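Dear colleague,

I am handing over the structure we spoke about, with the sequence alongside. Please have it open while you read the notes that follow.

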Amino acid sequence: MFSRKSAMAKLVSFFLLALVAISMVATTVLAADAQYHLDASRYGPGSLKPSQCLPQCTRRCSKTQYHKPCMFFCQKCCKTCLCVPPGFYGNKGVCPCYNNWKTQQGGPKCP
C-alpha cells in the first residue's frame, strides 16, 4: 500500500513538472514570435518622411518625465534616420540607424 501512494505522488509530480515546462516553452515561443511581427514597412529604416517625425516623436516621448530632451533628440534622430521605433521605450533593433547612433561617451543618442 505504501508503494502505491509513492507511485501516485511521483506521477503527480511528473505531470506538474511537465506542465511547468510546457508553460515555459509556450511563453518563450510566443514572446519571440511577437518580437518579429512588427511591420517593417511601418517602422524600418527610411519608413518615415521628415514631416512625420513630429507626431512619431510625440508618441515615442509621451510617457517620459524628460519630455523636452526626448523630443529634441528623437526629432534629430528621426530627421537623420527617417525612422522612430514603435512603443514608448526600447524596440530600437527595428531601426538600426536610430539604435547605433551613439554619444561621444558611447551612450545611446536616440531615445
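**Disulfides and a surface patch**

In this predicted model, the torsion about the S-S bond of Cys61 and Cys70 is about -80°, so that disulfide is left-handed. The sulfur atoms of Cys61 and Cys70 lie 2.0 Å apart, and both cysteines are buried.

A second bond to look at is the disulfide between Cys81 and Cys97, with an S to S distance of 2.1 Å; its torsion of about -65° makes this disulfide left-handed. The pair connects distant parts of the chain, since Cys81 sits in helix α4 (residues 67-81) and Cys97 in helix α5 (residues 96-100), 16 residues apart. Cys81 is buried, with a relative accessible area of 6%, whereas Cys97 is partly exposed, at 33%.

Cys83 and Cys95 are also joined, with their sulfur atoms 2.3 Å apart; both residues of this pair belong to the loop between α4 and α5 and are separated by 12 residues, and both are buried.

The count of disulfides comes to 6, and when the bonded cysteines of the protein chain are numbered in sequence order, the pairing reads 1-7, 2-5, 3-4, 6-12, 8-11, 9-10.

Turning to the surface, Met8, Leu11, Val12, Phe14, Phe15, Leu16 and Leu19 make a nonpolar patch of about 740 Å². One of these residues, Phe14, belongs to helix α1 (residues 2-35), and Phe14 counts as exposed because its relative accessible area is 53%, where the cut-off is over 50%.

With best wishes

Methods
Residues are numbered from 1 along each chain as its sequence is written. This is a predicted model: local features need pLDDT of at least 70, side-chain atom pairs count only at pLDDT 80 or more; totals for chains, interfaces and linings use all residues. Side-chain values use heavy atoms; hydrogens and water are left out. Patches are made of residues with over 30% relative accessible area and no salt bridge: like charges are joined within 9 Å, nonpolar side chains (Val, Leu, Ile, Met, Phe, Trp, Tyr) within 5 Å. Accessible areas come from the Shrake-Rupley method with a 1.4 Å probe; for residues, only the protein chains shown count as cover. A salt bridge is a side-chain nitrogen of Lys or Arg within 4 Å of a carboxyl oxygen of Asp or Glu. Helices (H or I, at least four residues) and strands (E, at least two) are DSSP runs, numbered from the N terminus. Buried means under 20% relative accessible area, exposed over 50%, partly exposed in between (1.4 Å probe, protein chains only). A disulfide is a pair of cysteine sulfur atoms within 2.5 Å.
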